[in-house]
Amino acid sequence: MNADMTAVTTVKCLVWDLDNTLWQGTLLEDETVVLSDAIREVIVGLDTRGVLQSVSSRNDHALAWARLEALGVADYFVVPQIGWGRKSDAVRRITEQLNFAPGTVAFIDDQPAERAEVAHHLPDVRCYPAADATTLLGLPEFSPRSVTVDARRRRKMYQAGFRRTDEQTRFTGSDEDFLRSLDMVLRIGRATEDELSRVEELTLRTSQLNATGVHYPDEALRALLARPGHEVLVTTLTDRFGPHGAVGVLLLEKHPGAWHLKLLATSCRVVAFGAGTMILNWLTDQAARAGVHLLADFRPTDRNRMMEIAYRFAGFDDRPCDCRALIPSRAGADVQLLHLLATRRAAPTTARLVAPDLTAGGPA
């Protein structure tokens, strides 16, 4: 193994070699290569944990893919690279197509020379011998601390994303017309205790679109659920290709004259779909209906400039207002308290919005 495992980073994608690694035997010598029950268990187990899997194999693509389909496992592998080039080039393409850091990718192969070639060109990729394949489920780097609903369907979300992107490249209308064609449904709901792990995961992995850069652990979120005047809201997005999963979280404290948005975090993968704008417009409209001002925490970081632009574009500013006195003093001078005089906002035109009525406490 070529990585320092003293600080374990969870593997997000495992890249399999095929011959004498995933299956037993060499395909070009025996077209009836078999897949052991133990390896099948690893494939299914990693998928259940939200670890994506791909293939880097020197083989005839059509023949190898047909065998994977015959073995009933082809659908488990995203962006497979089957051909005759270098394994390191194949792993690099997989990493780039998934937009993963090399340090979150692993490679398994029965040939020491192949592992060495990948390790030389991609030193952050963790390499494993094929003999270790059946032990992977027991390793900490393949064992996420929590497995959320979104994690269990991560592969399907990525596969839906590839189909969505492919259709967009062939779409001849405007961007807005394409978004309308997706039949998107944006749901905003009060988080249940079962959903808190999804909220925690989103605050942890979102930095570019996290208004404060603060990670809220599970225990803090559970405490907020129990506190009067607090709303913990989770946003999900679906379209005709499938679910995007949890794409946003809002932590809101409601005072009689002002609502305090303590955190807004949205997933980078839905920026192009306008989810952040729809969420802010919905919250602004709710505040206007309640007759209150909106105040939002914002802590500038070297990564969340996009979130500041979203707030400013929505109308938040630094102007003084008496409503600021309604918010208890907060620790940390680096946190800005942005202000918005809420006005009614129109419903989105590119998605159907399903959301609670925060002014009455019941469903809209």
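In which hand of crossing does α3 pass α4? I looked, and the crossing is right-handed (clockwise turn of the near helix from the far one by less than a right angle; anticlockwise would be left-handed).

Ground rules I noted: this is a predicted model, where local features need pLDDT of at least 70, side-chain atom pairs count only at pLDDT 80 or more, and totals for chains, interfaces and linings use all residues. Residues are numbered from 1 along each chain as its sequence is written, and side-chain values use heavy atoms, with hydrogens and water left out.

**Helix pair.** I checked the geometry of α3 (residues 87–98) against α4 (residues 112–121): the angle is about 55° and the axes sit 8 Å apart. Axes here are lines fitted to C-alpha atoms over the stretch in contact, with angles from 0 to 180 degrees between N-to-C directions. That makes α3 oblique to α4 (not under 35, over 145 or 65 to 115 degrees). Helices are DSSP runs of H or I, at least four residues; strands are E, at least two.

I then pulled the contacts (heavy atoms within 4.5 Å). Lys-87, Ser-88, Val-91 and Arg-92 of α3 meet Glu-114, Glu-117, Val-118 and His-121 of α4. By class I get two nonpolar, two polar and four charged residues.

**Cavity.** I found one cavity of 30 Å³ or more (points on a 1 Å grid where a 1.4 Å probe fits but cannot get out; lining atoms within 4 Å of a point). The largest holds about 30 Å³. Its lining includes Leu-224, Leu-251 and Lys-262. β7 (230–239) and β8 (242–254) each give two or more residues, and β7 gives the most, three.

Terms used
Ala, Val, Leu, Ile, Met, Phe, Trp, Tyr, Cys and Pro count as nonpolar, Asp, Glu, Lys and Arg as charged, and the others, Gly among them, as polar. On a 1 Å grid over the protein atoms alone, a cavity is a set of points where a 1.4 Å probe fits but cannot get out, and a pocket is an open set with protein on both sides within 12 Å along at least five of seven lines; lining residues have an atom within 4 Å of a point. Grid points are joined across faces, edges and corners, and a volume is the space filled by probe spheres set on the points.
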